[in-house]
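Hi,

Here is the structure I promised to hand over. My notes on it follow below.

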Amino acid sequence: MDKLIVHGGSTLSGSINISGAKNASLPILAASLLTDEDVIIRRVPDVSDTNYMIQILSALGAEVERSSGTVRISAKNISHDAPYELVRKMRASICVMGPLLARLGKARVSLPGGCVIGDRPVDLHIKGLKAIGTQIDMEGGNMDMRAPEGLIGTTVDLSGKHGPTVLGTDNLMMAAVLAKGTTVIESAAAEPEVVDLANFLIGMGAKIEGAGTRRITIHGVEKLHGVEHTIIPDRIEAGTFMVAGAMAAGPEGITLHRVCEADLKPVTEKLLEAGHTVEFNKNGTSVRVAPGENPKGCKITTAPHPGFPTDMQAQFTSLFAVTPGISVIEDTIFPQRFMHCAEMSRMGANIKVDNGRAVIEGGEQLSAAPVMASDLRASAALVLSALTAKGSTEINRLYHIDRGYEHIDEKLLMLGANVERVQS
Ligand code: EPZ
């Protein structure tokens with residue numbers, strides 16, 4: 001079990017490349033099950049979550065080859081039964097449900113277990129799949145699904161207590177592409193990763209309109225064919241390093257290449273509001289971020305895209321913990337997603353968490369302390385806090401960060417941070 005030692009106080013400079021998006025790669029890898037022809041996907045990040053998904057595809061019978069960021073998949077003969085041992089390791093495995101149902105008319109996937117970031121039911125996934133003709137039996141922790149009459153298009157509203165569902169929209173979209181007739185998803189998620197999945201499916205011959213809006217229309221087709229696709233940049237990895245630049249870079253700042261300005265709009269707006277420098281190049285594919293001379297606190301309320309992403313609130317907690325003044329962060333999507341705050345308090349941060357909100361009184365430099373990562377984005381936030389803390393911070397359970405950040409320690413070293421990965 002690796003840990004990361006971060007020697008605080010280095011000034012960041014230079015540039016790095018941002019990887020392909022983990023949250024686009026996972027449903028797109030699963031979507032390769034929709035055809036028996038070869039699929040080639042480029043810029044798949046080398047993180048444990050994509051490795052899990054590839055193991056699940058292989059366990060279902062697909063042939064998978066991977067060379068650095070390119071994955072070739074041939075799902076000629078596949079089974080409908082996704083192994084619990086693999087599915088339990090990663091919630092996102094649930095997005096094999098739609099493709100298996102569409103391709104085979106049946107699927108067997110275990111119900112995902114609990115999650116530290118909060119309550120994560122799958123009732124909307126089930127609602128969507130049932131609406132297009134799926135029968136679902138729960139037995140032994142598994143969802144046994146089949147569509148005896150075949151999948152039949154209809155109109156479904158997927159809004160939930162906390163708004164639209166990203167993977168729920170993906171699952172229904174992937175099931176509907178081979179259904180009879182037309183499916184309309186109302187209150188659909190509009191995240192860039194949902195749009196990237198829709199573009200991948202359209203590349204396979206699917207008929208989809210409105211991806212990126214709250215209303216997606218899918219006209220079912222008979223069969224889908226092979227495709228080559230390049231994954232979009234990871235806006236959350238980019239956002240994380242943009243915050244690192246605002247917290248720890250010199251006046252020249254740091255530069256991130258292979259980003260997408262449009263997808264980073266909510267993060268950019270908050271960094272500018274907090275008084276930092278954010279400059280994109282002409283075509284919005286590179287960004288320079290530098291600390292502001294008069295940084296100030298802000299109020300953030302997370303929301304579905306194009307609102308402020310919940311996957312970036314922990315990182316902004318790190319920024320605000322060292323920014324003079326009061327800041328407030330409210331997470332409306334995962335109200336309990338504040339595990340990082342207790343660990344930051346061990347480093348001297350002044351944060352009060354109550355009822356889905358964190359009130360941060362910032363300004364003081366933090367001090368190093370051994371801390372425990374609890375989930376992917378919380379661990380990224382601890383790394384950011386450690387970069388500016390006095391002394392050397394030990395971040396344990398690094399496997400959380402390896403789930404979604406490709407070679408984060410190497411990228412930090414390229415930017416001049418003083419970090420070392422240690423086996424414990
Ligand atoms: C995706 O998870 C992302 N994961 C998450 O990123 C991200 O935090 C989340 O979307 C929100 O943006 C991937 O794309 C692999 P949701 P997903 O269904 O699809 C409730 C990261 O850090 N809900 O959009 O599982 C749910 O409890 C990860 O990379 C229901 O009530 O999230 C939540 O409150 C963490 N019923 C809200 O909807 C359902 O059936 C949004 O969840 C499904 C969800």
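**What I found**

Asn-355 counts as exposed, at 70% relative accessibility. The scale: buried is under 20% relative accessible area, exposed is over 50%, and partly exposed lies in between (1.4 Å probe, protein chains only). Asn-355 sits in the loop between strand S19 (350-354) and strand S20 (357-362). Its phi is positive, about 55 degrees, although Asn-355 is not a glycine.

Before the rest, the ground rules. This is a predicted model: local features need pLDDT of at least 70, side-chain atom pairs count only at pLDDT 80 or more, and totals for chains, interfaces and linings use all residues. Residues are numbered from 1 along each chain as its sequence is written, and side-chain values use heavy atoms, with hydrogens and water left out.

**Overall fold**

The protein chain has 14 helices and 23 strands. Both are DSSP runs, numbered from the N terminus: helices are H or I with at least four residues, strands are E with at least two. The radius of gyration is 21 Å, close to the 22 Å of the globule rule for 424 residues, so the chain is as compact as a globular protein of that length. That radius is taken over C-alpha atoms, and the rule is 2.2 Å times the number of residues to the power 0.38. Along the principal axes, the C-alpha atoms fill a box of roughly 65 × 45 × 45 Å.

Of the 424 residues, 56% count as buried. Take the contacts with a separation of 6 or more: residues 24 or more positions apart account for 74% of them. Contact means heavy atoms within 4.5 Å. The chain exposes about 16,200 Å², and carbon and sulfur atoms supply 50% of that. Areas come from the Shrake-Rupley method with a 1.4 Å probe; for residues, only the protein chains shown count as cover.

On charges, there are 41 positive and 48 negative, and their mean positions are 2 Å apart. Lys and Arg count as positive, Asp and Glu as negative; His and the chain ends are not counted. Each charge is placed at NZ of Lys, CZ of Arg, CG of Asp or CD of Glu.

**The annotated cysteine**

The unreviewed UniProt entry marks Cys-115 as "active site". UniProt also lists Cys-115 for "modified residue: 2-(S-cysteinyl)pyruvic acid O-phosphothioketal", again from an unreviewed entry. Such annotations may be inferred rather than shown by experiment; positions follow the numbering used here, and feature names are shortened.

In the model, Cys-115 is in the loop between strand S6 (106-110) and helix H5 (123-131). Cys-115 is partly exposed, with a relative accessible area of 26%. Leaving out residues up to four places away in sequence, Cys-115 touches Arg-91 and Arg-120.

**Backbone points to check against your own setup**

Most residues other than glycine have a negative phi, and most peptide bonds are trans. Besides Asn-355, look at Arg-258: its phi is positive, near 60 degrees, and Arg-258 is not a glycine. Arg-258 lies in the loop between strand S14 (249-257) and helix H9 (265-273). Its relative accessible area is 45%, so Arg-258 is partly exposed.

The peptide bond from His-305 to Pro-306 is cis, with omega near 10 degrees. Pro-306 is in the loop between strand S17 (299-301) and helix H10 (313-321).

**Helices H10 and H7**

H10 is mostly covered: nine of its nine residues are buried. Among them are Phe-316, Leu-319 and Phe-320.

H7 spans residues 192-203, and Pro-192 is in it. Pro-192 counts as buried, at 8% relative accessibility. Beyond its neighbours within four places in sequence, Pro-192 is in contact with Ile-232, Arg-235, Asp-263 and His-305. Pro-192 and Val-267 are 75 residues apart in sequence, and their C-alpha atoms are 14 Å apart.

Ile-202 is in H7 too. Ile-202 is partly exposed, with a relative accessible area of 38%. From Ile-202 to Ala-386 the C-alpha distance is 43 Å, with their positions 184 residues apart in sequence.

Best wishes
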